[in-house]
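These notebook entries record what I looked up, chain by chain, and then at single residues. I kept each entry brief.

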Amino acid sequence: MLQESAGRPAPPSSIVVVEHLVKRFGRFAALNDVNLEVARGEKIVICGPSGSGKSTLIRCINHIEKHDGGRIVIDGIELTDRMADINSVRCEVGMVFQSFNLFPHLSVVENCMLAPIKVRGLSRLDAHDRAIGLLRKVRIHDQANKYPAQLSGGQQQRVAIARALCMQPKIMLFDEPTSALDPEMVKEVLETMVELAQEGMTMVCVTHEMGFAREVADRVIFMDGGSIVEEGDPDTFFRAPRTERAKSFLSQIIH
Amino acid sequence: MNSLDFSIILQAWPYLWSGLLFSLALTAAASLIGLILGTCFALVQHFEIPVVSQIVRGYIALMRSIPLILVLFWFFFLVPIVLGHLSGNGRPIPIGATYTAFITFGLFEAAYYSEIIRVGLRAVNKGQFEACQALALSTFDTYRSVILPQVIRAASPIILSQTIILFQDTSLVYVLSLTDLLGAASKLAQLNGRLVEMYLAVALVYLVISSAASQCVASLRKRYAFTGAHR
């Protein structure tokens, strides 16, 4: 809208469009006709009981899981079986895993430099500068030359966030980023995520951290049995869930 | 036989040394060829490339089920005949004892290294592959920069153990009339009749080199214990 050139179509307002998504594991339908649109800059929290398909949904968005039916369009690129499409989507979508998945044989800064060099074609020097800049942002630049095994879980997860940001993605996916952490380390990771949200990053987070959801989420999506059962703004959802399933789920996680 | 006379070892040392150098060169070359080829074999099986992976599996099963000395014979006698037929004039093309030794040892060790790497590949945490996917790394970069370095590190103690066995096996080249450390000692022992001294000295050299390498294995194990293939 601001700087639109004549020939180019206007960027779609939704950066993520998921239509009638189906994913099966054998005969088990992990996702059953899921529809989701995410606007630019929107922050979405997905919650639900285990096995509800929430992780599978975000893993389909960057094609770590291949979907069996429906359409996924990320920033105007439809995810097909073409490797070129998959890679251009993956370049725009950063992901943070429950188990960090840092590369144990590389130092913290090398973890952050690898993909920008290999995929984005940055020089080592530029990649290093970018890595240090983002490590500073997650307040871990003083550990840049250590190896992942020498860091605490919370520190490792912040490195994982920096590593994803080094690709300069337009969307960040978080798959239960605090579930594998000791309680005292959850806060430092959530703070980093809140800062990222405040800077306007589009975020889709699978998490049960209700405090985080209330603070940053524009929308909460509740999934059960492979479908989206309920969605709404966090205040309404947590205070007065409409469906029975959401009520019973919330009563189990809030003590 | 007279009392032991170890001064003979000092006189014989230059010859023994040249034998030892040959053993070490053969070990180094064969382990390098074996490691590169073995990694390729392991990847072919890991990716389950049709036909090629079945051929590789058959090759590995064959190499692991027959004695090295038999493979040496095969290569020395059969390959020249095969080459001769391929070249068209039917006359055997000798490839020479030294080449035979280097190629055979390399090909033979590849079968063993490949099994080590294959098991290592399976042990890599699936999260490592997912992280590479999420970062849009190509399959080539994923394996070259992330997966294989971890596999080689985690497997390095076993790889080195296998290389120690290889070093001891190099003594088999006597069947090709090549002179390695043990071969050098045997020849001298037969010339000067000092069998006990010669074989004791040679055993000591093997002992020192192999146990030094074993020390390396132990320290590698300690070093990579905490950064293994997991996490």
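**Entry 1. Chain B.** I began with burial and noted that 45% of the 231 residues in chain B are buried. I must record at once that the model is predicted. I then looked up the secondary structure: chain B holds 8 helices and 0 strands. Its pattern along the sequence reads α-α-α-α-α-α-α-α. For its extent, I found that the C-alpha trace spans about 75 × 55 × 25 Å along the principal axes.

I next took the contacts in chain B between residues at least 6 apart in sequence, and 77% of them join residues at least 24 apart. For the surface, I noted that chain B exposes about 11,900 Å², with carbon and sulfur atoms supplying 69% of that area. I also looked up the charges: there are 14 positive and 9 negative side chains in chain B. The centres of these two sets are 7 Å apart.

**Entry 2. Chain A.** I turned to chain A and found 9 helices and 10 strands. The radius of gyration of chain A is 18 Å, close to the 18 Å that the globule rule gives for 255 residues, so chain A is as compact as a globular protein of that length. Its C-alpha atoms fill a box of roughly 55 × 50 × 40 Å along the principal axes. Of its 255 residues, 55% count as buried.

For chain A I also looked at contacts between residues at least 6 apart in sequence, of which 64% join residues at least 24 apart. The exposed area of chain A is about 11,400 Å², and carbon and sulfur atoms supply 49% of it. I recorded 30 positive and 33 negative charges in chain A, whose mean positions are 3 Å apart.

**Entry 3. Where the chains meet.** I asked how many residues of chain A are in contact with chain B. The result is 23 residues of chain A, in contact with 22 residues of chain B. The area buried between the two chains is about 2,000 Å², and carbon and sulfur atoms give 62% of it. On the chain A side, A:P104, A:H105 and A:K118 lose the most area to chain B, together 29% of what that side buries.

**Entry 4. Two residues with positive phi.** I looked up A:H63, a residue other than glycine whose phi is positive, near 60°. A:H63 sits in the loop between α1 (54-61) and β4 (69-74) of chain A. Is A:H63 buried or exposed? Its relative accessible area is 9%, so A:H63 is buried.

I then looked up B:V51, which is not a glycine either and has a positive phi of about 65°. B:V51 is placed in the loop between α1 (7-46) and α2 (52-65) of chain B. With a relative accessible area of 57%, B:V51 is exposed.

**Entry 5. B:Q45 and its contacts.** I went on to B:Q45, which lies in helix α1 of chain B. B:Q45 counts as buried because its relative accessibility is 8%, and the cut-off for buried is under 20%. Which residues does B:Q45 touch, leaving out those up to four places away in sequence? I listed B:S53, B:V56, B:R57, B:I60, B:S114, B:E115 and B:R118. I last looked up the separation of B:Q45 and B:F105, which are 60 residues apart along the chain, and their C-alpha atoms are separated by 22 Å.

Terms used: Residues are numbered from 1 along each chain as its sequence is written. Chains are lettered from A and ligands numbered from 1 in the order in which they are written. This is a predicted model: local features need pLDDT of at least 70, side-chain atom pairs count only at pLDDT 80 or more; totals for chains, interfaces and linings use all residues. Side-chain values use heavy atoms; hydrogens and water are left out. Helices (H or I, at least four residues) and strands (E, at least two) are DSSP runs, numbered from the N terminus. The radius of gyration is taken over C-alpha atoms; the globule rule is 2.2 Å times the number of residues to the power 0.38. Buried means under 20% relative accessible area, exposed over 50%, partly exposed in between (1.4 Å probe, protein chains only). Contact means heavy atoms within 4.5 Å. Accessible areas come from the Shrake-Rupley method with a 1.4 Å probe; for residues, only the protein chains shown count as cover. Lys and Arg count as positive and Asp and Glu as negative; His and the chain ends are not counted. The place of a charge is taken as NZ of Lys, CZ of Arg, CG of Asp or CD of Glu. Buried area is the accessible area (1.4 Å probe) that two parts lose on being put together, summed over both.
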